[in-house]
Amino acid sequence: MVVLSLKGELKALIIKSGWTMTQVVDSLNKKHDRDTTVQNFSSKLIRGTLKYSEVCEILDLIGYKIEWVPKGEKV
């Protein structure tokens, strides 16, 4: 079993869903009336300092969600 980091998982999902990092950041900037750069967003991914709420918002934007499943339960 390969375990990716949050950075790896999130970037893979963004790409898989047809979005770019720039599109995600631009969309979040418009929604929250802010001016975060792709570089700042990428730095948060690298440092692992994204908030859970930010991850959920990004996933919602690209069409995914986090689902908590008990161990041993098939998804």
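**Group meeting: helix H4, its pocket and its aromatic pair**

I will start with one residue: Ile58 has a relative accessibility of 1%, so Ile58 counts as buried. Before going on, please keep in mind that this is a predicted model.

Where is Ile58 in the fold? Ile58 belongs to helix H4, which covers residues 52–62. The chain contains four helices and zero strands, and the order of elements from the N terminus is α-α-α-α.

Now the surroundings of Ile58. If we set aside neighbours within four places in sequence, Ile58 makes contact with Leu10, Ile14, Val24, Leu28, Phe41 and Leu50. Leu10 and Ile14 are contacts of Ile58, and helix H1 is made of residues 6–16. For a sense of distance, take Thr37: between Ile58 and Thr37 there are 15 Å in space, C-alpha to C-alpha, and the two are 21 residues apart in sequence.

Which residues of H4 are buried? They are Glu54, Val55, Glu57, Ile58, Leu59 and Ile62. Note that two glutamates, Glu54 and Glu57, are in that list. As a reminder, an α-helix has 3.6 residues a turn, so residues three or four places apart point the same way. The buried residues of H4 pack against H1, H2 and H3. Just after H4 comes Gly63, with a positive phi of about 90 degrees.

Next, the pocket. The second largest pocket has a volume of about 170 Å³. What lines the second largest pocket? The lining consists of Val25, Leu28, Asn29, His32, Arg34, Thr36, Phe41, Lys44, Leu50, Glu54, Glu57 and Ile58. So far as class goes, that lining has five nonpolar, three polar and four charged residues. At least two lining residues come from each of helix H2 (21–32), helix H3 (38–47) and H4. The most comes from H2, which gives four residues. Ile58 is part of this lining, and Leu28, Phe41 and Leu50, which also line the pocket, are among the contacts of Ile58.

On to the aromatic rings. How many aromatic pairs does the structure hold? It holds one. The partners are Tyr52 and Trp68, in a tilted arrangement, with 6.5 Å from centre to centre and 35 degrees between the planes. Tyr52 lies in helix H4 and Trp68 in the segment after H4, so the pair ties together parts 16 residues apart in sequence. Are these two residues buried or exposed? Tyr52, at 47% relative accessibility, counts as partly exposed, while Trp68, with a relative accessible area of 71%, is exposed.

One residue from the other end of the chain's helices: Gly8 sits in helix H1. With a relative accessible area of 26%, Gly8 is partly exposed. Gly8 and Met21 are 13 residues apart in sequence, and their C-alpha atoms are 13 Å apart in space.

Last, the chain as a whole. Its C-alpha trace spans about 45 × 20 × 20 Å along the principal axes. Of the 75 residues in the chain, 21% are buried. The accessible surface comes to about 5,800 Å², and carbon and sulfur atoms account for 55% of that surface. Among contacts between residues at least 6 apart in sequence, 49% join residues at least 24 apart.

To return to the start, Ile58 is buried at 1% relative accessibility, and Ile58 is also one of the residues that line the second largest pocket.

How values were computed: Residues are numbered from 1 along each chain as its sequence is written. This is a predicted model: local features need pLDDT of at least 70, side-chain atom pairs count only at pLDDT 80 or more; totals for chains, interfaces and linings use all residues. Side-chain values use heavy atoms; hydrogens and water are left out. Buried means under 20% relative accessible area, exposed over 50%, partly exposed in between (1.4 Å probe, protein chains only). Contact means heavy atoms within 4.5 Å. On a 1 Å grid over the protein atoms alone, a cavity is a set of points where a 1.4 Å probe fits but cannot get out, and a pocket is an open set with protein on both sides within 12 Å along at least five of seven lines; lining residues have an atom within 4 Å of a point. Grid points are joined across faces, edges and corners, and a volume is the space filled by probe spheres set on the points. Ala, Val, Leu, Ile, Met, Phe, Trp, Tyr, Cys and Pro count as nonpolar, Asp, Glu, Lys and Arg as charged, and the others, Gly among them, as polar. Accessible areas come from the Shrake-Rupley method with a 1.4 Å probe; for residues, only the protein chains shown count as cover. Rings of Phe, Tyr and Trp (its six-membered ring) pair if their centres lie within 6.5 Å; planes under 30 degrees apart count as stacked, over 60 as edge-to-face and the rest as tilted.
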